[in-house]
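Trainee: I have some labels to check. Can we go through them one by one, value against cut-off?
Mentor: Yes. Bring up the structure and start asking.

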Amino acid sequence: MSINTGRVAGDMLYGTTLSAESMKVIAESIGVGSLPDDAAKELAEDVSFKIKRIVQDAAKFMHHSKRERLLLSDIDQALKVRNIEPQYGFTANDFVPFRFASGGGRELHFIEEKEMDLNDIVQSGAPKVPLDITLRSHWLVVDGIQPTIPENPPPLSKDSQALESVNPVVKLEQGVTKDAAGKPATGKIHKLRNVETVHVKQLATHELSVEQQLYYKEITEACVGSDEPRRGEALQSLASDPGLHEMLPRMCTFIAEGVKVNVVQNNLALLIYLMRMVRALLDNPSLYLEKYLHELIPSVTTCIVSKQLCMRPELDNHWALRDFASRLMAMICKNFNTSTNNLQTRVTRIFSKALQNDKTHLSSLYGAIAGLTEMGAEVVKVFIIPRLKFISERIEPLLLGNQMQSNTDKTAAGHIRAMLQKCCPPVLKQIRRSPDYTEEYRNDYGFMGPALCQAVIKARNAPPSTTTPTPSSISNAPITSAAATASTVGRPQVTQINSSVVTAIPQLRAIQHPSQPPQKFVIVSQASTQQAQQQQQQVQHIQQHTQQQQVAAIHQRPATPQSVLLTTQLNGSGGSGGSVTNSLLNISDRASVDSNSIIIETEEIRAPPELDDLSHLE
Amino acid sequence: MSSNSGNITNGGVAPPQEKRDLLALLKLIKKYNLKQTEELLCREANITNKELEEVNDIEINTLLTSALGEGQDHQNGLAVGGTGGSGNDPEIYEAAYADLRNFVEESLDIYKHELSMVLYPIVVQIYFKLINGGFSEPARKFVEKYGPDLDHYYRDDLQNLLMITKRSDLENNDFVSAMEQDKFVIRMSRDSHSLFKRHIQDRKQEVIADIVAKYLHFDTYEGTARSKAQCDVSSGSLIGEAKRGDNKIRVYYGLLKEVDYQTLTTPAPALVEEEDDNDPDAPDKPKKKKPKKDPLFSKKSKSDPNAPASDRIPLPEMKDADKMEKVKALRESSKRVPLNKDSLPSVCFYTILNSHNTVTCAEISEDSTMMAVGFTDSSIKVWSLTPAKLREMKSAELLKDIDKDAEDINTRMMDDRTGESSRTFYGHSGPVYRCAFAPEKNLLLSCSEDTTIRLWSFHTWTCIVVYKGHLFPVWDVRFSPHGYYFASCSYDKTARLWTTDSNQPLRIFCGHLSDVDCVQFHPNSNYIASGSSDRTVRLWDVLNGQLVRQMCGHKGPIYSLAFSTCGRYLASGSSDHTVLVWDLSHGQLVASLLRHTGSIHTMSFSRDGNILAVGGLDCVLTLWDFSKLTEEYLSQSGGSSHNPDLNDSETYLLRSYPTKSTPFLALHFTRRNLLLAVGMFKSS
């Protein structure tokens with residue numbers, strides 16, 4: 001029984017005292033060699049008691065400072081109240097050792113001070129001044145309703161949204177008391193509820209207030225409308241507003257329906273806008289999207305693997321959309337994959353099935369590869385590498401200049417090759433042993449073999465950091481630029497830049513036209529495919545290094561008297577760097593564009609000529 | 001000492017001892033002048049007076065110590081203190097307690113809960129006795145065995161209790177002295193009490209009977225025994241429950257009769273003719289109280305029977321500037337938004353950013369134009385909440401040039417060039433725990449860990465007076481709503497009443513058994529409420545310093561107090577996360593409002609008294625329907641007053657609003673019923 005009660009008591013509280021051993025250790029540290037057991041025990045009890053009393057007092061100071069965390073200063077004040085010297089020196093972050101010196105019968109303790117070079121201090125510049133204490137006001141509540149502004153916490157925390165989606169019963173139970181929790185509700189509903197005793201299942205939770213309806217309308221219009229700055233604001237709002245969860249189902253339905261309609265109509269621009277909305281929702285920290293994945297994932301998947309996403313597949317840069325959507329998918333998998341929904345497995349299965357099937361359309365094939373690539377190196381190793389030979393066989397005839405082939409297929413094949421050349425070498429480098437023979441590669445991977453071999457050799461020689469792919473980082477740059485294009489072809493082809501891109505940057509920047517606002521547009525110039533193809537083959541090894549260096553921009557279209565900004569992808573991860581027309585690059589994306597792409601001005605430009613639905617974007 | 005000698009006598013008589021011992025004993029008896037025993041012993045042992053004289057005091061002492069020492073060896077260190085003659089044996093205590101507990105457990109359900117309330121004080125007293133007797137190990141075992149059975153709110157106390165492990169620890173300890181000095185009050189129905197008494201007598205448990213007689217006070221009432229919930233609401237304080245006798249004195253909780261504002265409002269020139277007072281900056285002449293509530297206007301003609309006479313305590317004269325301010329306030333309040341459950345207030349939240357846990361308090365002036373914030377670095381920062389800048393007074397030379405009869409003298413004497421939107425006071429040498437604006441808006445009080453209270457001027461922006469009196473950190477300071485008086489409270493277990501023009505306190509309110517954590521003036525300035533770490537709320541009469549109400553029920557230290565606008569109710573917020581509402585007319589608990597999950601440091605009643613706003617460290621603001629609460633209370637009161645039946649607090653909750661990790665420091669209703677809240681952003 002005593003053991004039992006002892007355990008209960010232990011749960012309950014009490015009785016921790018310092019051990020006599022620790023007393024002895026402390027005694028030794030100050031030079032008292034052999035402390036008798038009795039004395040140590042006595043001391044331990046006494047010290048424990050005193051420490052507890054001091055901590056108890058310190059807690060009072062903590063409470064009166066309206067804190068819930070005990071600080072050193074509280075202990076100091078508790079000591080002071082009991083007329084004990086406070087413990088100095090604990091506020092410093094570093095251990096400050098005392099030095100001891102004696103001489104002439106005097107003893108001295110001092111802190112050793114380092115010599116410092118004044119020059120260093122002067123040159124390092126003044127440290128940042130800490131921010132001054134400021135006062136900021138906002139509306140916590142307006143007429144009894146808490147506005148959902150960023151200063152206020154989200155009306156429904158992410159945790160409770162999660163709980164709700166996992167266990168819907170919770171919501172029903174909450175229904176009764178919910179309006180007391182500061183949820184926006186109209187006064188009328190509130191009044192009614194006070195009177196009624198029967199609880200009808202509430203429909204009000206799906207009801208949007210007039211303001212919310214307006215907001216929804218504004219946001220959706222702005223997101224797919226023509227006004228780019230406004231879209232930027234709308235996306236910003238989607239990405240940061242805390243109170244969106246009420247209209248989240250509608251947003252998701254909007255996106256899902258929008259994708260369905262626009263895929264049929266091959267409206268690339270709108271698909272891009274919708275994907276950007278998905279991106280914004282994913283960025284919002286207060287939303288719990290899990291409930292709506294069933295709508296979002298098919299939409300995103302559609303944008304990755306759909307056979308046709310644009311009116312003119314041979315010209316429009318739908319590749320960028322596929323890349324962007326792939327990154328979104330990777331992000332979704334990363335955020336929401338659990339052992340119960342097996343999201344990543346299921347998505348990977350969809351993509352890999354497309355790879356198995358030799359009837360898959362080339363665009364879809366590209367999408368599937370892109371989607372798998374973004375999932376990371378392991379997925380590439382398991383699903384893409386074994387299929388390399390098969391893919392090679394499919395694209396080989398297209399690339400090797402059979403005149404009968406359509407342009408579209410040829411472009412697609414080119415993109416697939418570029419994608420594979422980007423994603424495979426880092427993996428191949430790890431799974432194959434060192435001497436790389438072109439022949440072996442050709443045997444293993446078919447047509448792609450030699451190029452891959454080159455790339456692997458290159459990767460082995462290069463410092464490791466440059467070769468690692470960074471699929472997880474997602475940037476808007478390529479998609480914006482791509483969205484802008486909708487009427488362009490293929491990959492960026494920068495003419496006559498045959499030195500390394502890095503060295504080219506300053507010059508490129510230098511020649512940038514001053515009157516041209518850089519975000520105004522983006523380019524796309526794609527070499528006439530055939531010629532480009534030939535040149536590509538000539539300079540294949542360069543291409544593998546940085547795709548931007550693909551040669552040859554021979555502009556097929558009539559030039560317009562505008563200048564073109566050519567964005568190319570520096571890190572090569574986006575794979576788009578495509579030609580882009582203006583005005584789609586929104587302000588909020590600027591930073592990422594700058595960091596990821598070089599803006600090159602060339603002397604020629606094409607207006608996006610035959611874009612019906614995008615013409616307003618000018 | 002009689003028990004002492006009795007003890008020795010027994011020891012001497014039973015076994016035949018050496019003669020010297022007997023002699024020493026006799027000498028001792030003689031010393032204590034116990035004639036009969038002496039004669040008896042002399043006769044029995046055949047000792048003559050002569051022999052007795054040979055024995056000196058040293059021998060007595062050695063005998064005594066050896067006797068006691070033997071006792072200690074014999075009973076494992078027993079009877080050092082020798083307080084109770086018999087039964088210092090831990091087993092006796094434990095057996096007695098176990099018996100008592102059995103009795104409580106087996107008693108009828110209706111009495112059980114009341115009876116179980118005696119267990120806690122008895123456990124504590126037994127522990128003290130055991131510690132006093134030197135049995136620290138059995139004492140610890142005893143509490144660990146029986147402690148968990150007690151109510152959860154005694155947990156902290158038991159923890160405190162177990163810190164005491166030696167007799168020396170018993171001295172100079174708040175908790176011990178609280179339990180020793182005052183009797184622990186237990187309220188019981190007469191039936192339960194007689195049941196208990198009978199049990200004590202029947203079982204002849206002397207140890208228990210002794211404790212009960214010495215340390216317990218039973219406050220009995222006629223009627224049925226209380227339920228568990230009813231027992232729980234009123235218990236929990238360091239001294240048990242409040243005795244009904246404590247709360248018999250009449251409290252004039254009504255509001256003072258207001259001056260007739262109609263005369264003030266309508267003819268503005270009427271003010272000018274009274275303008276004979278040309279001393280605008282005498283700090284000790286505060287103004288009359290503000291019109292606080294609407295009901296007051298409607299019935300200001302009738303005099304409230306519960307209101308104290310307006311000259312019950314001398315109040316300062318109203319100055320012209322005060323009257324002007326009052327008129328302004330009255331005009332403002334006519335634009336007030338009536339609040340009720342259907343029209344809830346708006347809340348403007350002021351967040352203090354970049355403070356890194358250095359903010360200790362915040363305060364908003366009555367007219368909502370200024371905010372003062374106290375910091376741990378001993379500074380006080382004052383912000384202007386309106387576009388008006390905070391100005392300094394002009395220098396003496398420039399002041400000379402001002403026309404003293406000018407109507408706008410108050411603005412003229414301020415120097416426009418010094419206008420700033422925030423200013424800082426430096427002067428304290430420790431964290432500032434509370435600030436208080438004077439009702440006349442020209443002064444600020446602050447109290448600090450450095451044991452001083454300082455008075456600051458908004459004209460010169462300097463410290464004017466340092467009030468030294470408290471010996472320990474001062475936790476709270478409040479101005480009287482009529483100005484001039486202010487109250488403070490401290491770690492030294494006292495609350496004090498001061499006037500601004502004297503550096504000595506007028507009253508010192510002693511009685512709390514632990515820190516006094518907060519004080520609050522009654523709206524009629526005749527009473528001061530104080531809340532303490534001994535978990536009681538007390539109401540003191542300013543006139544005579546008497547304790548007029550003592551209210552128990554909190555289970556933790558009390559950190560905030562607020563009087564309702566009608567003056568009848570007092571709300572107290574505690575670190576036990578509850579807000580209790582008390583009726584001052586009888587000192588009775590009206591409601592217990594539990595929703596928060598953190599200590600409650602600020603509360604405020606709306607200006608019309610319909611809504612109580614509560615802010616806690618849990619970053620949640622709650623609004624409670626106070627008018628409904630009082631209505632329901634008044635409709636059901638009149639019944640038995642000793643066992644309040646509380647309604648579910650959820651029914652009074654209107655809304656709760658969370659903030660983004662910003663605990664509440666202050667709440668304030670403006671005259672138009674806009675709620676202002678202040679919080680410090682907690683950087684993670």
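Mentor: Chain A holds 27 helices and five strands. Keep in mind that this is a predicted model.

Trainee: How much of chain A counts as buried, and what cut-off decides that?
Mentor: Of its 618 residues, 49% count as buried. The cut-off is under 20% relative accessible area. Chain A also exposes about 31400 Å², with 56% of that supplied by carbon and sulfur atoms.

Trainee: What share of the contacts in chain A joins residues at least 24 apart?
Mentor: The share is 74%, counted among contacts between residues at least 6 apart in sequence.

Trainee: What makes A:Asp46 and A:Lys50 a salt bridge?
Mentor: Their closest N and O atoms are 3.1 Å apart. The limit is 4 Å, from a Lys or Arg side-chain nitrogen to an Asp or Glu carboxyl oxygen. The value of 3.1 Å is within 4 Å, so the pair qualifies.

Trainee: Where do A:Asp46 and A:Lys50 lie?
Mentor: Both are in helix H3 of chain A, four residues apart, which is about one turn of the helix.

Trainee: Why is A:Asp46 called partly exposed?
Mentor: Its relative accessible area is 22%. Buried needs under 20% and exposed needs over 50%, so a value in between is partly exposed. A:Lys50, at 47%, is partly exposed as well.

Trainee: Which residues form the nonpolar surface patch in chain A?
Mentor: A:Leu18, A:Ile51, A:Val55 and A:Leu70 form it, with about 290 Å² of accessible area together.

Trainee: What makes A:Leu18 accessible enough for a patch?
Mentor: A:Leu18 has 35% relative accessibility and counts as partly exposed. Patch residues need over 30%, so A:Leu18 passes. A:Leu18 sits in the loop between helix H1 (2-12) and helix H2 (20-29) of chain A.

Trainee: On to the interface. How many residues does each chain give to the contact?
Mentor: Chain A gives 56 residues and chain B gives 70. The area buried between the two chains is about 5800 Å², of which carbon and sulfur atoms give 57%.

Trainee: How many salt bridges cross the interface of chain A and chain B?
Mentor: The rule finds three. One salt bridge joins the side chains of A:Lys60 and B:Asp515, at 2.7 Å from N to O. That is within 4 Å, so the label holds.

Trainee: How many residue pairs are in polar contact across the interface?
Mentor: There are 16 such pairs, both residues being at pLDDT 80 or more. The elements giving two or more residues to the side of chain A that touches chain B are H1, helix H3 (37-64), helix H4 (72-81), strand S3 (134-141) and helix H8 (187-195). The largest share, twelve residues, comes from H3(A).

Trainee: Why is B:Arg538 called buried?
Mentor: Its relative accessible area is 5%, and buried means under 20%, so the label fits. B:Arg538 lies in strand S20 (residues 536-541) of chain B.

Trainee: How do you know that B:Arg538 and B:His512 make a polar contact?
Mentor: Their side chains make the contact at 3.4 Å. The limit is 3.5 Å, so the pair passes. The side chain of B:Arg538 also reaches the backbone oxygen of B:Gly511 at 3.3 Å.

Trainee: And B:Ser532: buried or exposed?
Mentor: B:Ser532 is buried, at 0% relative accessibility. B:Ser532 is placed in strand S19 (residues 527-532) of chain B. Its side chain reaches the backbone nitrogen of B:Asp534 at 2.9 Å. The C-alpha atoms of B:Ser532 and B:Tyr559 are separated by 7.6 Å, with the residues 27 apart along the chain.

Trainee: What makes B:Lys441 and B:Asp367 a link between separate parts of the sequence?
Mentor: Their salt bridge has its closest N and O atoms 2.8 Å apart. B:Lys441 lies in the loop between strand S10 (432-437) and strand S11 (443-448) of chain B, and B:Asp367 in the loop between strand S4 (359-364) and strand S5 (370-375), so the pair ties together parts 74 residues apart in sequence. Salt bridges that share partners join B:Glu325, B:Glu366, B:Asp367, B:Lys441, B:Arg607 and B:Arg671 into one network.

Trainee: Which of B:Lys441 and B:Asp367 is buried?
Mentor: B:Asp367 is, with a relative accessible area of 11%. B:Lys441, at 27%, is partly exposed.

Key: Residues are numbered from 1 along each chain as its sequence is written. Chains are lettered from A and ligands numbered from 1 in the order in which they are written. Side-chain values use heavy atoms; hydrogens and water are left out. Patches are made of residues with over 30% relative accessible area and no salt bridge: like charges are joined within 9 Å, nonpolar side chains (Val, Leu, Ile, Met, Phe, Trp, Tyr) within 5 Å. Accessible areas come from the Shrake-Rupley method with a 1.4 Å probe; for residues, only the protein chains shown count as cover. Buried means under 20% relative accessible area, exposed over 50%, partly exposed in between (1.4 Å probe, protein chains only). Contact means heavy atoms within 4.5 Å. Buried area is the accessible area (1.4 Å probe) that two parts lose on being put together, summed over both. A polar contact is a pair of N or O atoms within 3.5 Å; within protein, one must be able to donate a hydrogen and the other to accept it, and residues adjacent in sequence count only if both atoms are side-chain atoms.
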